[in-house]
Amino acid sequence: MTITVACQPAKTAAKLREAWNDDVAAFEKAHPGVKVNSTDQQPCFDPKTFAAKVAGGQMETVFMVPVTNYADVIAKKQAKDITGVTDLVKNYGDIKPDVRGMVTKEGKVYGVPNVSYSVGLVYNRTLFTKAGLDPDNPPKTWDEVRAAAKKIAGLGDGYVGYGEYGGGNVGGWHFAQSIFSRGGEMTAGGKAAFNSPEGKAVLQTLHDMRWEDDSVGNKVLIGWEALMQQMAAGKTGMMLGAPDVVTDLVQKFQGKVDAYGITGVPEGKASLTGGEAYMINPKANAAQTKAAMQWIDFQFNTPGKGRHDYARGKANGEAVGVPNNDYMGDSPTGKAIAKDREANAVLPIENYRFYVDAAAGVAPKLEPAKAQELYAVLDVAMSAVLTRENADIDKLLADAETKANAILAQG
């Protein structure tokens with residue numbers, strides 16, 4: 001009997017791929033008669049092809065779904081009801097209730113979450129020190145972010161105090177992060193809600209940092225990689241991001257291991273939350289479903305095994321140590337995972353304590369309906385305040401609201 005599983009690491013990540021293949025072999029040995037075929041696709045989730053693949057029943061037996069797509073996949077019955085077999089994931093009950101709730105509808109379970117995170121403020125501790133700022137007292141408010149950014153930009157040409165996006169949907173994505181942190185909303189009652197004092201504050205602060213302080217740089221960053229590259233180069237002081245940003249800065253973009261810290265999102269009223277879950281193809285028969293759940297248990301939910309084999313990760317040169325996943329919370333499994341991660345850390349875990357302390361008290365906010373379409377609309381406003389000193393913020397928000405409401409009205 002064969003099952004197909006998604007998310008095999010890319011060939012270019014040779015050690016990660018080898019570790020995955022070793023896990024497949026170990027799983028097959030522990031489950032005689034089960035053959036596991038891995039899908040060679042990275043990134044694991046491609047928004048351009050996902051909807052068509054899942055609608056056509058072309059997904060693997062075990063496939064990954066980002067939190068933004070949970071509701072749609074469940075509503076369209078594109079994931080199997082696994083309510084009766086959740087006990088095959090031994091630690092399923094240790095997953096945080098609010099995280100489990102996201103894959104539950106009308107009492108039925110449709111997935112096993114394996115990632116949950118909130119946004120914080122990633123900052124360069126080295127630049128903080130160089131600019132006369134205390135890296136052990138990072139900004140807690142947007143006013144403090146602005147003041148720190150101005151000092152860092154004052155280090156000289158090429159230094160950017162605070163990095164932000166203006167296009168490629170990542171501008172609107174960061175707008176959502178910023179408005180949530182201030183206590184605002186993206187949508188309410190099926191309509192746009194970002195044309196608000198909190199929404200105006202997002203754009204006004206960014207405008208003033210660009211045109212009064214000259215602390216956000218003069219390039220409009222479009223793709224996700226652009227700001228990451230800028231941050232890794234050691235000339236940018238701060239950016240919004242989840243803890244995995246630190247991992248990527250060090251591992252993918254060759255940033256300095258000890259340079260980065262992360263603290264709670266400024267203001268801390270709420271944080272955009274993200275995550276992912278593994279779901280099972282409705283076409284899977286009972287035997288395949290059992291094997292699929294056992295694979296999810298082994299590879300993604302067992303301390304010291306599969307994804308949580310931090311000793312192996314350390315030996316393979318992975319950037320172990322960032323608290324980039326809190327889906328198990330303070331449960332026994334969560335504590336075991338955290339203890340093992342810290343024991344094998346190669347990154348300075350003390351640099352992330354401010355985030356760990358703050359994140360527990362920040363309310364999580366899901367991305368809005370039609371998130372990517374709304375982000376594209378808000379790219380325009382984010383780009384405008386970064387490129388035009390005379391940008392009319394009220395008009396930008398009003399125009400974005402009109403467009404967003406048209407999108408939301410389509411259902």
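# Exercises on strands, helices and loops

Strand β6 is mostly covered, since 6 of its 7 residues are buried. The model behind these exercises is a predicted one.

## Exercise 1: the strands around β13

Determine which strands pair with β13, in which sense they do so, and how many of the residues of β13 are buried.

Step 1. Begin with strand β6 (residues 112–118), which pairs with β13 in the antiparallel sense over 6 bridges. Two residue pairs help to fix the register on the model: V115 stands opposite E276 in β13, and Y117 has G274 in β13 as its bridge partner.

Step 2. Turn next to strand β3 (residues 62–66), whose pairing with β13 is antiparallel and extends over 5 bridges. Here the bridge partner of F63 is M279 in β13.

Step 3. Take then β14, which pairs with β13 in the parallel sense over 3 bridges, and in which A363 stands opposite A270.

Step 4. Finally, consider burial: 10 of the 11 residues of strand β13 (residues 270–280) are buried, so the strand is largely enclosed by the rest of the structure. In a regular strand the side chains alternate between the two faces of the sheet.

## Exercise 2: an open sheet and the helix across it

Work out the strand order of the open sheet of 4 strands, identify the strands that stand at its edges, and find the helix that lies across β7, β8, β11 and β12.

Step 1. The order of the strands is β8-β11-β7-β12, and their pairing is mixed.

Step 2. The edges are formed by β8 (160–162) and β12 (260–264), each of which has a single partner strand, so that one side of each is left without a neighbour in the sheet. Direction ignored, neighbouring strands of this sheet are turned by 25 degrees against each other on average.

Step 3. For one pairing in detail, follow strand β7 (residues 120–124) and strand β11 (residues 236–241), which run antiparallel and are joined by 4 bridges; on this pair of strands, Y123 stands opposite M238 in β11.

Step 4. The helix in question is α9 (residues 224–232), which lies across β7, β8, β11 and β12 and runs at about 140 degrees to β11.

Step 5. The loop between α8 (197–211) and α9 contains S215, which counts as buried because its relative accessibility is 0%, where the cut-off for burial is under 20%. Not counting residues up to four places away in sequence, S215 touches A149, K150, A153, V160, G161, Y162 and M209.

## Exercise 3: the packing of α1 and α11

Describe how helix α1 packs with helix α11, giving the angle, the handedness of the crossing and the residues that meet.

Step 1. Helix α1 (residues 14–30) and helix α11 (residues 286–300) have axes 11 Å apart and pack at an angle of about 130 degrees. That value makes α1 oblique to α11, because it lies outside the range of 65 to 115 degrees for roughly perpendicular and is not over 145, as roughly antiparallel would require.

Step 2. The crossing in which α1 passes α11 is right-handed.

Step 3. From α1, the residues W20, D23, V24, A26 and F27 meet A291, Q294, W295, F298, Q299 and F300 in α11. Sorted by character, the residues of this contact divide into 8 nonpolar, 2 polar and 1 charged.

## Exercise 4: two positive phi values and a distance

Locate E106 and K370, state their phi values, and decide for each whether the residue is buried, partly exposed or exposed.

Step 1. E106 has a phi near 50 degrees, which is a positive value in a residue other than glycine. The residue lies in the loop between β4 (104–105) and β5 (108–109), and with a relative accessible area of 75% E106 is exposed.

Step 2. K370, although not a glycine, likewise has a positive phi, of about 55 degrees. Its place is the loop between β14 (363–365) and α15 (371–387), and at 27% relative accessibility K370 counts as partly exposed.

How far apart are T126 and V65 in sequence and in space?

Step 3. T126 lies in helix α5 (residues 125–130) and is partly exposed, with a relative accessible area of 47%. From C-alpha to C-alpha, T126 and V65 are 37 Å apart in space, while in sequence they are 61 residues apart.

Note on methods: Residues are numbered from 1 along each chain as its sequence is written. This is a predicted model: local features need pLDDT of at least 70, side-chain atom pairs count only at pLDDT 80 or more; totals for chains, interfaces and linings use all residues. Side-chain values use heavy atoms; hydrogens and water are left out. Axes are lines fitted to C-alpha atoms, for helices over the stretch in contact, and angles run from 0 to 180 degrees between N-to-C directions. Angles under 35 degrees count as roughly parallel, over 145 as roughly antiparallel, 65 to 115 as roughly perpendicular and the rest as oblique. A crossing is left-handed if the near helix is turned anticlockwise from the far one by less than a right angle, and right-handed if clockwise. Contact means heavy atoms within 4.5 Å. Ala, Val, Leu, Ile, Met, Phe, Trp, Tyr, Cys and Pro count as nonpolar, Asp, Glu, Lys and Arg as charged, and the others, Gly among them, as polar. Buried means under 20% relative accessible area, exposed over 50%, partly exposed in between (1.4 Å probe, protein chains only). Two strands pair if DSSP finds at least two bridges between them.
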